[in-house]
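Q: I would like to learn how to read contacts, cores, sheets and salt bridges in a model. Can we go through one case step by step?

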Amino acid sequence: MQDQGRSTRKRTGGRLKHSRNRKKSELGRLPTETQVGEPRFRTVDVRGNGEKTRALATNEANVNVGSETVTTTINDVVENDANPNYVRRNIITKGAVIDTDEGRARVTSRPGQTGQVNAVLLE
């Protein structure tokens, strides 16, 4: 279970004693590791009346080329500062550098949260 509640440690590094159990509202979900491949999506209900579309896999990206936006095909993940293993596993996160038909581009959106890959072309 992912806990989004308060830390179990103090600023000094000492441990805090638990006064109660976790609440349902403090639980998070595991990260959606969006892969390069045939598009697959999942809709998730979120707090309030909204929902998120999670991209489980995608092979399309909206790339900014100058002043216009072009939809291109993702070929590969070239670089990912979030986790070096994500490059080997072809996982796309925000900040990842992807190889597209237009050239290399850096991802600016969060595919696991929005369901789409938006990117800016690198020089």
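Q: Which residues does Val63 touch, not counting residues up to four places away in sequence?
A: This is a predicted model. In it, Val63 touches Glu68, Thr69, Val70, Thr72, Thr100, Ala105, Ala119 and Leu121.

Q: Which residues make up the largest nonpolar core?
A: In soluble globular proteins, nonpolar side chains tend to be buried together. Here the largest nonpolar core has eleven residues. Val63 is one of them, and so are Ala105 and Ala119. The others are Ala61, Ile74, Val77, Ile92, Ala96, Ile98, Val107 and Val117.

Q: Which strands each supply at least two residues of this core?
A: Strand S6 (60-65), strand S7 (68-79) and strand S10 (104-107) each do so.

Q: How do S6 and S7 pair, parallel or antiparallel?
A: Strands of a sheet pair through backbone hydrogen bonds, either parallel or antiparallel. S6 and S7 pair in the antiparallel sense, over six bridges. As an example at residue level, Asn62 has Thr71 in S7 as its bridge partner.

Q: What do the strands S6-S7-S9-S10-S11 form?
A: They run as a closed barrel of five strands, and the pairing is mixed. On average, neighbouring strands of this sheet are turned by 50° against each other, direction ignored.

Q: How many salt bridges does a search of the whole structure find?
A: The search finds three. In one of them, Asp3 pairs with Arg22, with the closest N and O atoms 3.8 Å apart. The cut-off is 4 Å between a side-chain nitrogen and a carboxyl oxygen, so a pair at 3.8 Å is counted.

Q: Why does the pair of Asp3 and Arg22 tie together parts that are 19 residues apart in sequence?
A: Because Asp3 lies in strand S1 (residues 2-3), while Arg22 lies in the loop between S1 and strand S2 (27-28). Asp3 is partly exposed, at a relative accessible area of 39%, and Arg22 is partly exposed at 48%.

Q: Where do Arg89 and Glu33 lie in the chain?
A: These residues form a salt bridge whose closest N and O atoms are 2.8 Å apart. Arg89 is in the loop between helix H1 (85-88) and strand S8 (91-92), and Glu33 is in the loop between S2 and strand S3 (34-36). The pair links distant parts of the chain, 56 residues apart. Arg89 has a relative accessible area of 41% and is partly exposed; Glu33, at 31%, is partly exposed as well.

Q: What do the side chains of Glu26 and Arg20 meet in?
A: They meet in a salt bridge, at 2.8 Å from N to O. Arg20 counts as partly exposed, with 44% relative accessibility.

Terms used:
Residues numbered from 1 in each chain as written. Predicted model: local features only at pLDDT ≥ 70, side-chain atom pairs only at ≥ 80, totals over all residues. Heavy atoms only, no water. Core = buried A, V, L, I, M, F, W, Y, C linked by side-chain atoms within 4.5 Å. Buried < 20%, exposed > 50% of the residue type's maximum accessible area, 1.4 Å probe, protein only. Helix = DSSP H or I, 4+ residues; strand = E, 2+ residues; numbered from the N terminus. Contact = heavy atoms within 4.5 Å. Pairing = 2+ DSSP bridges. Axes fitted to C-alpha atoms, helices over the stretch in contact; angles between N-to-C directions.
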